[in-house]
Amino acid sequence: MKESCTITSYCTIRDNIAIHDGRLLFESKTKNFNEFASGLYRHSGISYPKFHKMDNLCKLGFLAAEILLKEKNLSYKYAGDEIGIILMNSSSSLDTDRNYQKTISNRTDYFPSPAVFVYTLPNVVIGEICIRHKIFGEGNFFITEKFNPSFVFNYISQLFDNDFVECCITGWVEISGNNFESVLFLIEKTGKTETGIANFEPSEIESIYNRK
Amino acid sequence: MEQLVQKLKEEIITSLNLSEMKPENIDEKAPLFVDGLGLDSIDALELTVLLEKKYGLKIKTSDEGKKVLYSVRSMAEFIRKNNKG
Amino acid sequence: MSDRVFITGAGIISSIGFTYEEVVSSLESSRSGIGRLMHIDSVYKDEIPFAEVNASNNELKELAQVPGSGIFSRTSLLGLIAARQALAHSGTENITEYRTGLISATTVGGMDRTEKFFSKFLKDKNHGRLRDVITHDMGDSTEKIAEACGIRDYVTTISTACSSSANAILLGSRLIENRMLDRALVGGADALTLFTINGFNSLMILDRNGCRPFDNDRNGLTLGEGAAYLVLESEEVINKTGKKAIGTVAGYGNACDAFHQTASSPDGNGAFISMNKAFMKSGITPDKIDYINAHGTGTKNNDLSEGKAVERLFAGSVPPISSTKSFTGHTLGAAGAIEAVFSIMAIERQCIWPNPGFKTRMSELGFAPVTELNREMSVRNVLSNSFGFGGNNTSLIFSKC
């Protein structure tokens, strides 16, 4: 890539813990996602009533982004349309699709839920994060079997090289029932940041993703 | 009527996932769709589903919905008028 | 400096035709595909019109040239038909001769089969055939197409609601510009399902009279189904093979509206940004746009939001604009690609497609869409918009080469 970039922050939510830049932020004994998410929400100290209306995929992505961006004050450094957000997972919105499907499965007890239906698209999590953090830049959502560090590197590099973004949030947001995992990265141009976790390159992305 | 209003408040909180709200915080005469409760167009649709599911009452158009869903009280009156509450 | 991206083939199947030529003929004769639901047993079939592809799954299997015993979702059948057409149209004989990728988009995936399974399974866990579920994943239709077309170098699936296949075109173009691929088959497919019929109906945005984009009395969208793909190739491949291109992808832009999960902002902020980005990327100025193929779903919200953004961007001098969703309905994940093909058709035939069903100009806007087929104008540059739930807005610019 033309200009080097840095991973300036990352957040991992997996196995009932939340980690920010290598520091344990929150831990819960529960195996139930709803309880975990409520606990993490309360721990974060934010007040955002719309959180409770989100489906689980959005809650997961929202919380991961909240942790990732907490002390970053991105709006200070970048205009809203300079920040991109590229996410991926393997199950799309299947978790919510199942919930919605239940509301239309019985012809005699037939009440399709509009509030659930609007979340039966994986990219709505991008919408929720953008609304919260006032991000207007490019967004895309990919469905891949596994998290692919090379794919992430190649795609995001092109965005920076072609001046489509000045800063980018990217990563994996996956949930199915009580199996959930999210790893988000914040990528900035090396010249524009004094601190950093690691160089933005496939081996570092993979290493951070795999960190427990 | 008061019992119906109280029941409605609880049902609204549950069906709209307003977990940070308690029934006593909702003013039954106040407009539902202002910043206070943060209700939006999707919430309006969920409330029409609530009316159909719990009270068997159908709202056909969004204009009719605007009148019926104005406040908790107008919802209760709509239910009462149709002898369902 | 990026390389130019050429379009060498287009394939399409929709409610207005099973082939490129049939579709053009329908557009030219203002023949809409909106009508009664025939192939799905919905409680709304007598109440709400839809734009269905007029073929049963078995008929689609024959068209897709797959074995009758094969397990294919309706989405992947539609996708296979359009993808094969696009490759044939491009005259591509040896797919492995150059680095070729497939970027396919969908929103419903194999839901048409899964929903049949689920309703049986919910009642009794011993019922429901598992073969109805194995095609569910979004990636299934992509993989079926990749396999049928022999594409191995790069295969991925995009799912961003109604902008999905426009984003597939965007990504394919970018990969070619950056010399990571020589050729890309890009587009999307979506079939009608009870899942989406009921979902959109619960949002009260299905017009019982059929959609009327940009009309003051419009009352919602009409759901449709279909698939479309483009073959994109690099300048180097064009020069080496001597292929004739039917257009170029001159520019693209994507932005987030960041307003609401499903509604668009009143001033069309996201739309404004995505269209502006497409202009910046292409180097083409608004006054050079000859035709806008709008997202124009016919909902009160979209048409106002998009209309406001268009007026602002074109500073009052709005070029001919129409929404072809009054022909094909809103084909969700396939819409971006289907309308990209309509944009290419407009350039090829030097036509501006009309907006059937329109009667009264919107009181909030200063422009009205085109209502009659127009062959008098020179069509060099076409802007095509696709805006999805989640505020994912994509604008593409296609040019004559």
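# Exercises on a predicted three-chain model

Helix 7 of chain A is followed by Asp163(A), whose phi is positive, near 60 degrees. The model is a predicted one, and the exercises below start from this helix and work outwards to the contacts between chains.

## Exercise 1: Helix 7 of chain A

Determine how the span of helix 7 of chain A relates to the expected span, and identify the elements against which its buried residues pack.

Solution. Begin with the length: helix 7 covers residues 149-161 of chain A, which makes 13 residues, and from the first C-alpha to the last it reaches 18 Å, close to the 18 Å expected at 1.5 Å a residue. Next, find the buried positions in this helix, which are Val152(A), Phe153(A), Tyr155(A), Ile156(A), Ser157(A), Leu159(A) and Phe160(A). Finally, follow their surroundings: the buried residues of helix 7 pack against strand 1 (5-14), strand 4, strand 6, strand 7 and helix 8 (202-210) of chain A.

## Exercise 2: Strand 6 of chain A and its partners

Describe how enclosed strand 6 of chain A is, and state in which sense each of its partners, strand 4 and strand 7, runs beside it.

Solution. The first step concerns burial: nine of the 10 residues of strand 6, residues 167-176 of chain A, are buried, so this strand is largely enclosed by the rest of the structure. The second step takes strand 4 of chain A (residues 83-89), which runs parallel to strand 6 and is joined to it by six bridges; Gly84(A), for instance, has Cys168(A) in strand 6 as its bridge partner. The third step turns to strand 7 of chain A (residues 179-189), where the pairing with strand 6 is antiparallel and extends over 10 bridges, with Glu174(A) having Glu181(A) in strand 7 as its bridge partner. The last step examines the connection, since strand 6 and strand 7 of chain A form a hairpin with two residues between them, and Gly177(A) in that turn has a positive phi of about 65 degrees.

## Exercise 3: Helix 6 of chain A and the contact with chain C

Establish whether helix 6 of chain A is largely enclosed or exposed, and work out what helix 6 gives to the side of chain A that touches chain C.

Solution. Start with the helix itself: eight of the 10 residues of helix 6 (residues 124-133) of chain A are buried, so the helix is largely enclosed by the rest of the structure. Those buried residues are Val124(A), Val125(A), Ile126(A), Gly127(A), Glu128(A), Ile129(A), Cys130(A) and His133(A), and just after the helix Lys134(A) takes a positive phi of about 55 degrees.

Then consider the contact between the chains, in which 35 residues of chain A meet 38 residues of chain C. On the side of chain A, at least two residues each are supplied by helix 4 (94-103), helix 5 (114-117), helix 6, strand 5 (139-143) and helix 7, and the largest share, six residues, comes from helix 6. Sorted by class, this side of chain A has 17 nonpolar, 13 polar and five charged residues.

Lastly, look for strand pairing across the two chains: strand 5 of chain A and strand 3 (residues 154-158) of chain C pair in the antiparallel sense over two bridges, and the bridge partner of Ile143(A) in strand 3 of chain C is Thr157(C).

## Exercise 4: Chain C and its two domains

Decide how the radius of gyration of chain C agrees with that of a compact globule, and describe the side of domain 1 that touches domain 2.

Solution. First compare the radii: a compact globule of 401 residues would have a radius of gyration near 21 Å, and chain C, with 20 Å, agrees with this. Buried residues make up 64% of the 401 residues in chain C, and its secondary structure comes to 12 helices and 10 strands.

Next, divide the chain into domain 1 (5-241) and domain 2 (250-399), whose C-alpha centres lie 21 Å apart. Contacts between them involve 58 residues of domain 1 and 53 residues of domain 2 of chain C. Helix 6 of chain C gives the most to the domain 1 side, with eight residues, and by class that side has 27 nonpolar, 23 polar and eight charged residues.

## Exercise 5: Chain B and chain C

Find which element of chain B gives the most to the side that touches chain C.

Solution. Begin with the extent of the contact, in which five residues of chain B meet six residues of chain C. Of the chain B side, helix 2 (residues 41-55) gives the most, with three residues, and the residues of this side divide into two nonpolar, two polar and one charged.

Technical notes:
Residues are numbered from 1 along each chain as its sequence is written. Chains are lettered from A and ligands numbered from 1 in the order in which they are written. This is a predicted model: local features need pLDDT of at least 70, side-chain atom pairs count only at pLDDT 80 or more; totals for chains, interfaces and linings use all residues. A residue is buried if 20 or more other C-beta atoms lie within 10 Å of its own, exposed if 12 or fewer, and partly exposed in between; C-beta atoms are placed from the backbone. Helices (H or I, at least four residues) and strands (E, at least two) are DSSP runs, numbered from the N terminus. Two strands pair if DSSP finds at least two bridges between them. The expected span of a helix is 1.5 Å times one less than its number of residues. Two residues are in contact if their C-beta atoms, placed from the backbone, lie within 7 Å. Ala, Val, Leu, Ile, Met, Phe, Trp, Tyr, Cys and Pro count as nonpolar, Asp, Glu, Lys and Arg as charged, and the others, Gly among them, as polar. The radius of gyration is taken over C-alpha atoms; the globule rule is 2.2 Å times the number of residues to the power 0.38. Domain bounds come from an automatic or database domain assignment.
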